[in-house]
Amino acid sequence: MTRRYEISYLDANGQVQMETQVAPAIAEFEEAFSAFARGTVIATGDGPVAVEDLAPGMQAVTGDGSLSTITWIGSMSVFPARSGTKLETSRMMRITADTFGPARPQPDLLLGPRARILMKGGAGRAAAGASAAYVPVRGLLDGVSIIEVTPIAPVTAYHLVLERHGSIRTAGLEIESFNPGPGLSERLDPQLAAIFLTLFPQLRSLADFGPLAHPRLSEDEMELAIAN
């Protein structure tokens, strides 16, 4: 199965280009397009901006308070389940207000199914040996404060690539910018890896995404850290 992906990016001359591409509807591809729901307000150097109003070249406020240029924006439609379709049911993740403390988030935050949040302190140290780590929001579902919601109508989900990988501030939380992370070329055959790279015309190779700002935890690693 395939799906349509919308991209905008900064070309080599610093000009904004926009494209629509059809590519495989598999997890490795969809992860690059499904972190922020339409309407999510992103902290930028020009103040709060809804994700759908961002453009490559704008500067996002990162977790440490510095600014990082947005070099690529991708989006796709998250569809409700329909009879006869072979695509998996798409769900969004809702984090209710104050889940992680006062105004974290504020208000409720609706994230895409592949979003990762930066967790600081105990969990990161226990599982990753680091002061902070990115964890999948799906691994934090508790059915009360963080819940799965199935859209009754199509929802547009977005993701952002920064000039340097890091955290994007929204609603008092820090959400990971997109980076496929290490090992993608081993998970995809050469043909699929080549197709994946065409979705990022501003890059020459997967290595150009650069290193991760913080380590990542899988859902299993997160559960183990919480249990301990």
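In this predicted model, one aromatic cluster is formed by Tyr5, Phe29, Phe33, Trp72, Phe178, Phe196, Phe200 and Phe209. A search of the whole structure finds 9 aromatic pairs, and two pairs that involve Phe178 are described here in detail. A pair of aromatic rings is described by the distance of the centres and the angle of the planes. For Phe178 and Phe196 the centres are separated by 6.4 Å and the planes by 55°, an arrangement classed as tilted. This pair links distant parts of the chain, since Phe178 belongs to the loop between E15 and helix H3 (184–187), whereas Phe196 is part of helix H4 (residues 190–198), 18 residues apart. With a relative accessibility of 4%, Phe178 counts as buried, and Phe196, at 0%, counts as buried as well.

The pairing of Phe178 with Phe209 has a ring-centre distance of 5.7 Å and an angle of 85° between the planes, and the pair is therefore edge-to-face. Distant parts of the chain are again linked, with Phe178 in the loop between E15 and H3 and Phe209 in the loop between H4 and helix H5 (219–227), 31 residues apart. Phe178 and Phe209 are both buried.

Turning to the nonpolar cores, the largest comprises 30 residues, and those making the most contacts inside it are Phe36, Leu54, Ile70, Leu111, Ile117, Val137 and Leu160. At least two residues of this core are supplied by each of the strands E7 (67–78), E8 (92–95), E9 (109–111), E10 (116–120), E11 (132–136), E13 (155–162) and E15 (173–176). The most is given by E13, which contributes 3 residues. A second core, separate from the largest, contains 23 residues, including Ala32, Phe33, Met92 and Leu199; Phe33 is also a member of the aromatic cluster.

The surroundings of two individual residues, Leu111 and Val155, add detail to this picture. When neighbours within four places in sequence are left aside, Leu111 is in contact with Ala35, Phe36, Ala37, Met92, Met93, Ile95, Val137 and Ile175; among these partners, Phe36 and Val137 are listed with Leu111 as residues with the most contacts inside the largest core. Val155 is located in strand E13 and, not counting residues up to four places away in sequence, touches Ala37, Met76, Ser77, Val78 and Met92. Between Val155 and Met76 the C-alpha to C-alpha distance is 8.4 Å, although the two residues are 79 residues apart in sequence. Ala37 and Met92 thus appear as contacts of Leu111 and also as contacts of Val155.

Conventions:
Residues numbered from 1 in each chain as written. Predicted model: local features only at pLDDT ≥ 70, side-chain atom pairs only at ≥ 80, totals over all residues. Heavy atoms only, no water. Core = buried A, V, L, I, M, F, W, Y, C linked by side-chain atoms within 4.5 Å. Buried < 20%, exposed > 50% of the residue type's maximum accessible area, 1.4 Å probe, protein only. Helix = DSSP H or I, 4+ residues; strand = E, 2+ residues; numbered from the N terminus. Contact = heavy atoms within 4.5 Å. Phe/Tyr/Trp six-rings, centres within 6.5 Å; stacked < 30°, edge-to-face > 60°.
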